[in-house]
Amino acid sequence: MGTAILGLFETHITVRNLNTSVSFYRDVVGLELAFQFPERNVAIFWIGGRGQAMLGVWEVGDGPNAMRLHLAFTSTVDQILAAPSLLKSKGVTPKGFHGEPVEEPVVIGWMPAISLYFSDPDGHLLEYLAMLPEEPRPAIGVVPYSEWLAIQ
């Protein structure tokens, strides 16, 4: 048996412009800027408060081989329900599971979890997610939250 894994403490992504990304992750996503290392072109953000988890954002310029990643941030049902209008007010398009613009979050039935996707300025796919207390329903697939409520 290996070492028990209790969670994920940090992850890192690359971006084209650090200043643009610092503004986005601080002002749109709502993460707390923990520290910047200007000499290394990196900013570190706290996720969930100081010492809980970290996101490192590294500027690599605008080379043609950009990698796009997916990050899901744990939130609450109420915060996720409010997120579409908040994102739109900041010029960010809320998206569903398949990347389509949406007006409300979706529910991933096999988990089940409420979820809302959006993209950062570099095309990284971000997600707000909260587990729901109901039993999983894999056969439902992914449905709008209002539909999930209607079939309860």
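**Exercise 1. Count the salt bridges in this predicted model and say which residues pair up.**

Start with the total: there are three salt bridges here. Now go through the pairs. Asp-122 meets Arg-16, with 3.5 Å from N to O. Asp-27 meets Arg-26 at 2.8 Å. Lys-88 meets Glu-103 at 2.5 Å. Check each against the cut-off: a Lys or Arg nitrogen has to sit within 4 Å of an Asp or Glu carboxyl oxygen. As for the chemistry, side chains of opposite charge can pair when their charged atoms come close.

**Exercise 2. Work out which parts of the chain the Asp-122 and Arg-16 pair links, and whether each partner is buried or partly exposed.**

First, recall the contact itself, a salt bridge between the side chains of Asp-122 and Arg-16. The two residues are 106 residues apart, so look at two loops: Asp-122 is in the one between β7 (113-119) and β8 (125-131), while Arg-16 is in the one between β1 (10-15) and α1 (18-28). Next, accessibility. Asp-122 comes out at 8%, so call it buried. Arg-16 has 36%, which makes it partly exposed.

**Exercise 3. Do the same for Lys-88 and Glu-103: where does each one lie, and how exposed is it?**

Begin with the bridge between these two side chains, 2.5 Å from N to O. Lys-88 belongs to helix α2 (residues 77-89), and Glu-103 to the loop between α2 and β6 (106-108), so the bridge ties together parts 15 residues apart in sequence. Then the accessibility: Lys-88 is partly exposed at 38%, and Glu-103 is exposed at 63%.

Definitions and conventions:
Residues are numbered from 1 along each chain as its sequence is written. This is a predicted model: local features need pLDDT of at least 70, side-chain atom pairs count only at pLDDT 80 or more; totals for chains, interfaces and linings use all residues. Side-chain values use heavy atoms; hydrogens and water are left out. Helices (H or I, at least four residues) and strands (E, at least two) are DSSP runs, numbered from the N terminus. Buried means under 20% relative accessible area, exposed over 50%, partly exposed in between (1.4 Å probe, protein chains only).
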